[in-house]
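The following questions and answers explain how terms are applied to a structure. Each answer sets a value against a definition and then concludes.

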Amino acid sequence: MNLSSTSSTAEKTVTTVLWGCELSQEKRTWTFKPQLEGKPDCKLLLHTICLGEKAKEELNRVEILPLSNLEDKKAQPVTIASLQASVLPMVTMMRFELSPPVTFQLRAGSGPVFLSGQECYEKKAGKRRGSCETQCQ
């Protein structure tokens, strides 16, 4: 199912597409790449990270892996959520905007962990004002 919306201002048109992925013991990493080909100005607005109903009572840690950059070999993964069914089964992200490609990894636990958000595509018609984030919400 592909749900999208479009809004426009005098300077730009913004199109949003729903996005989601599942991390589990079988698939521990997921790389976000834009669904709409040929659209260079894309952002991922991450909204929710939650455990599935079959998640075990264990710590599930979700990280963003750094891009492979030869200059910065010390770059470490960034933990964005630590979930446990009885303590914190879900987190809501506020204003969490990422540029593709972004790789998510289930560092600890067996999941399933579901991530959801919006892909935001901006078509510039003139000068850019504001951010994609304010238009997509």
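Buried means under 20% relative accessible area, exposed means over 50%, and partly exposed lies in between (1.4 Å probe, protein chains only).

Q: Why is Met90 called partly exposed?
A: Met90 has a relative accessibility of 46%. Partly exposed is the class between under 20% and over 50%, so Met90 counts as partly exposed.

Q: What kind of model is this, and which residues do its values rest on?
A: This is a predicted model, in which local features need pLDDT of at least 70 and side-chain atom pairs count only at pLDDT 80 or more, while totals for chains, interfaces and linings use all residues. Residues are numbered from 1 along each chain as its sequence is written, and side-chain values use heavy atoms, with hydrogens and water left out.

Q: What pLDDT does the chain average, and where does pLDDT stay under 50?
A: On the scale of pLDDT, the predictor's confidence in each residue from 0 to 100, the chain averages 83, and 74% of the residues score at least 70. Over residues 127–131 pLDDT stays under 50. Where pLDDT is low, the predicted coordinates should not be read in detail.

Q: Which elements make up the chain?
A: The chain has nine strands and one helix, in the order β-β-β-β-β-β-β-β-β-α from the N terminus. Both kinds of element are DSSP runs numbered from the N terminus: helices (H or I) have at least four residues and strands (E) at least two.

Q: What makes Trp19 and Phe32 an edge-to-face pair?
A: Rings of Phe, Tyr and Trp (its six-membered ring) pair if their centres lie within 6.5 Å; planes under 30 degrees apart count as stacked, over 60 as edge-to-face and the rest as tilted. For Trp19 and Phe32 the centres are 5.8 Å apart and the planes stand at 85°, which makes the pair edge-to-face. Trp19 lies in strand β2 (residues 12–23) and Phe32 in strand β3 (residues 29–32), so the pair ties together parts 13 residues apart in sequence.

Q: Why is the pair of Trp19 and Phe104 called tilted?
A: The ring centres of Trp19 and Phe104 are 5.8 Å apart and the planes meet at 35°, so the pair is tilted. Since Phe104 lies in strand β8 (residues 102–108) and Trp19 in strand β2, this pair ties together parts that are 85 residues apart in sequence. Trp19 and Phe104 are both buried, and ring pairs link Trp19, Phe32 and Phe104 into a cluster.

Q: Which strands are the edges of the open four-stranded sheet?
A: The sheet has the order β3-β8-β5-β6 with antiparallel pairing. Its edge strands are β3 and β6 (78–83), as each pairs on one side only. Two strands pair if DSSP finds at least two bridges between them; strand β5 (residues 60–65) and β8 have five bridges in the antiparallel sense.

Q: How do you know that Cys42 is in no disulfide?
A: A disulfide is a pair of cysteine sulfur atoms within 2.5 Å. By this rule the count comes to zero disulfides. For Cys42, the nearest cysteine sulfur, that of Cys120, is 7.6 Å away.

Q: Why do Cys42 and Cys21 count as buried?
A: Cys42 has 5% relative accessibility, so Cys42 counts as buried. Cys21 has a relative accessible area of 7%, so Cys21 is buried as well.

Conventions: Contact = heavy atoms within 4.5 Å.
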